[in-house]
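Me: I would like to go through this model term by term. Please justify each label as we go.

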Amino acid sequence: MHFRRSRLPGFVGLLILSPLLSLAWAGKGHAQAAPQNGGDFSQQLHPTKKVPAGVILVRGAWASASDSVTPVPEGGQVTDNVYSNPYFGLTYALSPDWIKKYDGPPPSDSGYYVLAQIQPADTFKGPNRGSVLIAAEDLFFTPTGARNTQELINFTRSNLQADYQVTQGPTEVRFAGHSFVRLDYVAPVAGLHWHVLATQIRCHMVQFVFTSRDTKLLARLIQDTGEMKLPGEAGLTQGTGGGDVPVCIRNYASDERIIEKVEPILTDRRFNPIPVRVIIDKQGKVKHIHFLSAFPEQAQGITDALRQWRFKPYLRDGQPVEVETGIMFGRTPRPSSPPATAAAIGR
């Protein structure tokens with residue numbers, strides 16, 4: 001497209017002068033009503049309609065599920081001072097005068113969950129405060145490439161920033177009758193201490209992160225974890241489901257196990273990762289779909305496709321059992337550095 005040069009300067013000048021011309025025109029007795037709300041010449045500085053608090057007007061990629069009955073990792077709650085999570089089969093009694101004050105964010109597209117943030121209530125009596133973070137990381141989608149909790153904690157240890165100093169571990173320990181890995185480190189400048197206890201449940205690393213300046217308080221909080229309840233399969237070398245929950249198998253949705261497959265139709269041009277956990281029933285049909293992060297139209301398109309997938313039934317001891325696996329749609333995230341080997345865990 002070409003413009004005639006003789007007209008372009010006048011057009012630009014008109015755009016620049018138009019506000020001044022409007023003011024001059026108004027000053028000559030041709031005043032126009034100023035806008036009541038918004039704009040540089042508004043007579044009303046405070047809008048009559050405000051954005052509602054606590055409401056997301058435009059929701060982006062978010063967690064969702066195909067039904068509201070099947071437990072999901074982010075579904076834990078604190079009731080009567082006890083944190084319980086049906087998905088992980090976990091119950092953890094909070095210390096007296098400690099509460100869950102804030103809800104965590106939705107899971108990330110790499111499968112990281114903030115399950116609960118525990119901190120002292122206003123009635124807490126003590127010289128120093130602290131916090132307890134209960135978190136989980138999906139081993140199907142972690143960008144580190146770690147295959148189990150041991151490797152993931154080793155990766156954390158190897159990638160601590162120079163401001164932190166490791167004071168213990170990683171070391172295998174036992175709490176509540178199950179194996180954990182423990183990692184302690186400190187930030188000398190801030191005087192803050194971190195104690196991490198991690199185990200594996202349903203192919204997730206579930207960890208408790210205790211933070212405080214008071215090492216005696218941390219020791220007491222860690223001791224209290226001995227009273228929590230975990231499923232029988234929890235442990236560093238177990239944690240792959242079975243029994244009352246599906247067996248979790250990495251990369252189970254491979255061509256040799258799929259009988260029928262329909263590719264989802266994604267008409268949008270978004271390039272986000274879409275991590276999906278699915279439960280496959282004993283007949284090989286997709287029973288449950290959990291989107292860790294997806295736009296609504298993406299979730300609908302993938303759900304319509306997955307409902308048509310058929311798998312070979314998975315047999316354990318000659319009997320078909322349910323399987324839980326992860327499938328990544330959309331853009332695949334770039335992996336981080338390879339994890340340290342499991343042999344780096346102290347015994």
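**Sheet, helices and cores**

Reply: Helix α2 (residues 149-158) lies across β7, β8, β9, β10 and β11, and runs at about 165° to β8. Axes here are lines fitted to C-alpha atoms, for helices over the stretch in contact, and angles run from 0 to 180 degrees between N-to-C directions. Contact means heavy atoms within 4.5 Å. This is a predicted model, where local features need pLDDT of at least 70, side-chain atom pairs count only at pLDDT 80 or more, and totals for chains, interfaces and linings use all residues. Residues are numbered from 1 along each chain as its sequence is written, and side-chain values use heavy atoms, without hydrogens and water.

Me: What lies across β5, β7, β8, β9, β10 and β11?

Reply: α3 does, running at about 150° to β11.

Me: Why are β8 and strand β9 said to pair?

Reply: Two strands pair if DSSP finds at least two bridges between them. β8 and β9 (residues 178-187) have 8 bridges, in the antiparallel sense, so they pair by that definition. One bridge joins V173 to F180 in β9.

Me: What makes a strand an edge strand in the sheet of 7 strands?

Reply: The order is β5-β6-β7-β11-β10-β9-β8, open and antiparallel. β5 (98-102) and β8 each pair on one side only, so they are the edge strands.

Me: Why is the set of 35 residues called a nonpolar core?

Reply: A nonpolar core is a set of buried (under 20% relative accessible area, 1.4 Å probe, protein chains only) Ala, Val, Leu, Ile, Met, Phe, Trp, Tyr and Cys residues joined through side-chain atoms within 4.5 Å. Y83, F88, L90, Y92, F208 and F210 have the most contacts inside this one.

Definitions and conventions. Buried means under 20% relative accessible area, exposed over 50%, partly exposed in between (1.4 Å probe, protein chains only). Helices (H or I, at least four residues) and strands (E, at least two) are DSSP runs, numbered from the N terminus.
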